[in-house]
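Thanks for coming. I'll put the structure up first and then walk through it piece by piece.

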Amino acid sequence: YKGGIRYHPHVELDEIKALAALMTMKCSLAQLPMGGAKGGVQTDPRYLSNDELMRLTRRFTSALGANIGPDYDIPAPDVGTNAQIMAWIADTYMMSLSHPGNRQHGQSVVTGKPPEFGGSAGRDKATGQGLVYVLEQTLPELGLSFHQLTFSLIGFGNVGSWTARLLAERGARLRAVMDRSGALYHDHAIDPTALANHAQTTGNIAGFPHAQPIPVDQFYSIPVDLFIPAALEQMVNLDKARAINCKALVEAANAPTTPAAERYLLEKGVTVLPAILCNAGGVTVSYFEWKQNRQAETWDADVVDDQLRKHMHAAAQRVRLAAHRYRCDLRTAAYCAALEKIDRVYRLRGIFP
Ligand code: NAD
């Protein structure tokens, strides 16, 4: 099983179950040899010292015991967790193995580790990079190209900031961005690299001097080609959908759009690119990391990118074919493609005993 571990004050069991179910769909759509999982701790890491964060992580890992393992359930970073936290999880798990000879194998209990400690090249940017590869396939169908494309973004953490930087490298322009500290706008383009440096130092986007602060209500109505939610679940509700002015809504976050909002956007002719396709790059490079650890290999960044591009193009193609076959929207198509594979496996295995 594969899925992220989240540290957030509002984590709930039902939410984690839903996110795990989405991971099952995502792994199936990307044809990774894993099922879905998720985990979380109700805490706000922003208010913990480094030492407290480490102790919490080690205690949590120790309590999970045999519920995780390199051949069983392999967590990864999600909202509020990062490479350092993955390193603590791996270390705690490795040190809990009684036979020192097994310890190196124990390192692959988590992915998203720092590169110096078994992490993969490209894991940091993987979710954003995967999204860009999906867009390589889908923009032509929308009559759009990267050059001069405009976009706005909710969330400027791992997924949001990498998506912005990688899109900007292709010539796209970030016109508006919002995080938990407020919203910013620029009539031409916000420089995502400068903004990422600012957010790295201050913890959020507020106070960035090269863009204009705007009220959150105004943020949603700024006209853009792509509207990209990359923060938390269900942030785009019907009210917000009525304000949004875009050609496509590209789900970088998990489940960011409510069903009512999606129905409204589809009726208006807005394309909705679903999360299980758009953000599958993260779990795909996580799988590459697990594979490298187990084979004692270190792939170059261009090998990772090349493999990721192949996986994402193939997944986008599966969704496109399912949409034609079932004459349906892209989210339904993505679920159909994912479920078809799971269905085939269940049929082949049968029920035993
Ligand atoms: P993160 O913790 O790095 O960043 C979260 C961002 O959301 C921050 O910029 C934060 O300010 C913003 N945010 C939080 N609450 C907000 C609010 N109320 N209004 C506006 N902005 C708010 O998290 P992340 O890893 O970038 O994950 C973002 C989303 O992408 C989540 O849905 C996550 O499950 C999904 N995802 C992450 C990965 C990954 O590799 N990290 C992979 C696949 C999917």
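Start with one pair of residues: I5 stands opposite P77 in β3. Before I go on, note that this is a predicted model.

I5 belongs to strand β1, residues 2-7. Four bridges join β1 to β3, which covers residues 74-77, and the two strands run parallel. β1 has another partner, β2, residues 39-41, and here three bridges hold a parallel pairing. In that pairing, Y7 stands opposite V41 of β2.

Put together, these strands form an open sheet of three, in the order β2-β1-β3, with parallel pairing. Its edge strands are β2 and β3, each of which pairs on one side only. On average, neighbouring strands of this sheet are turned by 30° against each other, direction ignored.

How many of the six residues of β1 are buried? Six of the six are, so β1 is largely enclosed by the rest of the structure. One element that lies across β1 and β2 is helix α2, residues 50-64, and α2 runs at about 140° to β1.

A general remark before the next sheet. In a regular strand, side chains alternate between the two faces of the sheet.

Now the other sheet. This one is open too, with seven strands in the order β7-β6-β5-β4-β8-β9-β10, and its pairing is mixed. The edges are β7, residues 212-214, and β10, residues 271-273, and each of these pairs on one side only. From one strand to the next, the twist averages 20°.

I'll go in from the β7 edge. β7 pairs with β6, residues 182-190, in the antiparallel sense, over three bridges. Within that pairing, Y185 stands opposite Q212 in β7. Next along, β6 is joined to β5, residues 173-179, by five bridges, and those two strands run antiparallel. M178 stands opposite A183 in β6. The connection from β5 to β6 is a hairpin through two residues.

M178 also comes up in the surroundings of a glycine, G155. Where is G155 placed? G155 is in the loop between β4, residues 150-154, and α6, residues 158-169. Is G155 buried or exposed? The cut-off for buried is under 20% relative accessible area, and G155 has 7% relative accessibility, so it counts as buried. Which residues does G155 touch, not counting those up to four places away in sequence? They are G160, M178, A230 and A231. For A231, the C-alpha atom is separated from that of G155 by 4.4 Å, although the two residues are 76 apart along the chain.

On to the cores. The largest nonpolar core has 34 residues, and those with the most contacts inside it are L29, L277 and F288. Several elements give two or more residues to this core: α1 (13-29), α5 (126-142), α11 (275-278), α12 (280-295), α13 (301-326) and α14 (330-349). Which of them gives the largest share? That is α13, with eight residues.

F288 deserves a moment. Leaving aside neighbours within four places in sequence, F288 is in contact with W299, V304, Q307, L308 and H311.

There is also a second, separate core of 32 residues. Among its members are L131, V132, F146 and A164.

Last item: a pocket. The second largest pocket has a volume of about 390 Å³. Its lining is made of 14 residues, and K341, I342, V345, Y346 and R349 lie nearest its centre. α1 and α14 each supply at least two residues of that lining. The largest share, five residues, comes from α14. Both α1 and α14 came up a minute ago, as elements that give two or more residues to the largest nonpolar core.

To recap: we went through an open three-stranded sheet with parallel pairing, an open seven-stranded sheet with mixed pairing, a buried glycine, G155, two separate nonpolar cores, and the second largest pocket, with α14 giving the largest share of its lining. That's the end of my part.

How values were computed
Residues are numbered from 1 along each chain as its sequence is written. This is a predicted model: local features need pLDDT of at least 70, side-chain atom pairs count only at pLDDT 80 or more; totals for chains, interfaces and linings use all residues. Side-chain values use heavy atoms; hydrogens and water are left out. A nonpolar core is a set of buried Ala, Val, Leu, Ile, Met, Phe, Trp, Tyr and Cys residues joined through side-chain atoms within 4.5 Å. Buried means under 20% relative accessible area, exposed over 50%, partly exposed in between (1.4 Å probe, protein chains only). Contact means heavy atoms within 4.5 Å. Two strands pair if DSSP finds at least two bridges between them. Axes are lines fitted to C-alpha atoms, for helices over the stretch in contact, and angles run from 0 to 180 degrees between N-to-C directions. On a 1 Å grid over the protein atoms alone, a cavity is a set of points where a 1.4 Å probe fits but cannot get out, and a pocket is an open set with protein on both sides within 12 Å along at least five of seven lines; lining residues have an atom within 4 Å of a point. Grid points are joined across faces, edges and corners, and a volume is the space filled by probe spheres set on the points.
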